[in-house]
Amino acid sequence: MAKTGLTTEAEISEAVVKILKASKSGEAKLSALKKLIPTVIPLSNDDLAQSDTRPNEPVWEQRLRNIKSHSQNEGNFIAEGYLTAPSRGVLRITPAGLKRP
């Protein structure tokens with residue numbers, strides 16, 4: 001059965017952790033993550049719909065960028081210590097992130 005509804009920021013964050021765990025460097029540019037995330041988690045038609053605020057971009061990509069922009073919010077993977085954003089457009093896994101199941 002096809003996935004319905006929108007993928008949450010937490011689900012996108014979990015996919016990022018999974019990708020970065022498998023990465024030799026433990027970090028990746030958002031552009032690379034945009035290509036890899038759809039291979040790790042199923043995205044719904046709602047996720048793949050064009051964003052109302054960003055032309056030529058599916059709505060799920062906003063949730064990927066929210067990992068950095070919501071970094072002060074409780075539950076966010078940067079705020080919780082699983083990821084860092086060492087430079088613009090880059091996410092890096094932390095030792096705590098490597099220990100996530």
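## Helices and sheet in a predicted model

α1 lies across β1, β2 and β3 in this predicted model, running at about 70 degrees to β3.

User: Happy to dig in! At what angle do α1 and α2 pack, and are they roughly parallel or roughly perpendicular to each other?
Analyst: Let's start with the geometry. Helix α1 covers residues 9-22 and helix α2 covers residues 30-40, with their axes 10 Å apart. The packing angle is about 100 degrees. Angles of 65 to 115 degrees count as roughly perpendicular, so α1 and α2 are roughly perpendicular to each other.

User: Which residues in α2 does α1 meet?
Analyst: Glad you asked, as the contact is easy to trace. From α1 come Ile-12, Ala-15, Val-16, Lys-18, Ile-19 and Leu-20. By class, the contact of α1 with α2 has nine nonpolar, no polar and one charged residues. On the α2 side, the residues met are Leu-33, Leu-36, Ile-37 and Val-40.

User: Where do the buried residues of α2 fall, seen down its axis?
Analyst: The buried residues of α2 are Leu-30, Leu-33 and Ile-37. Seen down the axis, these buried residues fall within an arc of 40 degrees, so they line one face of the helix. An α-helix has 3.6 residues a turn, so residues three or four places apart point the same way. On the other side of α2, Lys-35 and Thr-39 are exposed, while the cover over the buried residues includes α1, β1, α4 (60-69) and β3. The arc asked for is 40 degrees.

User: In what order do the three strands form the open sheet, and which strands stand at the edges?
Analyst: The three strands are ordered β1-β3-β2, with antiparallel pairing. β1 (27-29) and β2 (83-84) each have a single partner strand, so one side of each is left without a neighbour in the sheet. The strands at the edges are therefore β1 and β2.

User: Which residues of β3 stand opposite Thr-84 and Leu-83?
Analyst: Strand β3 takes in residues 90-93, and two bridges join β2 to this antiparallel strand. In the hairpin of β2 and β3, five residues sit between the strands, and Gly-89 takes a positive phi near 75 degrees. Opposite Thr-84 stands Arg-92, and opposite Leu-83 stands Ile-93.

User: What is the bridge partner of Ala-28 in β3?
Analyst: Now for the pairing of β1 with β3. These two strands pair in the antiparallel sense over three bridges. The partner of Ala-28 in β3 is Leu-91.

User: How many of the 10 residues of α4 are buried?
Analyst: α4 is mostly covered. The buried residues are Trp-60, Glu-61, Arg-63, Leu-64, Arg-65, Asn-66 and Ile-67. These buried residues pack against α1, α2, α3 (45-48), β2 and β3. The count is seven.

User: Does Asn-76 count as buried or exposed, and at what relative accessibility?
Analyst: Asn-76 lies in the loop between α4 and β2. Leaving aside residues up to four places away in sequence, Asn-76 touches Glu-9, Asn-66, Ile-67, His-70 and Ser-71. Buried means under 20% relative accessible area, so Asn-76 counts as buried, at 4%.

Notes:
Residues numbered from 1 in each chain as written. Predicted model: local features only at pLDDT ≥ 70, side-chain atom pairs only at ≥ 80, totals over all residues. Heavy atoms only, no water. Axes fitted to C-alpha atoms, helices over the stretch in contact; angles between N-to-C directions. Helix = DSSP H or I, 4+ residues; strand = E, 2+ residues; numbered from the N terminus. Parallel < 35°, antiparallel > 145°, perpendicular 65-115°, else oblique. Contact = heavy atoms within 4.5 Å. Nonpolar A, V, L, I, M, F, W, Y, C, P; charged D, E, K, R; others polar. Pairing = 2+ DSSP bridges. Buried < 20%, exposed > 50% of the residue type's maximum accessible area, 1.4 Å probe, protein only. Arc of directions from axis to C-beta.
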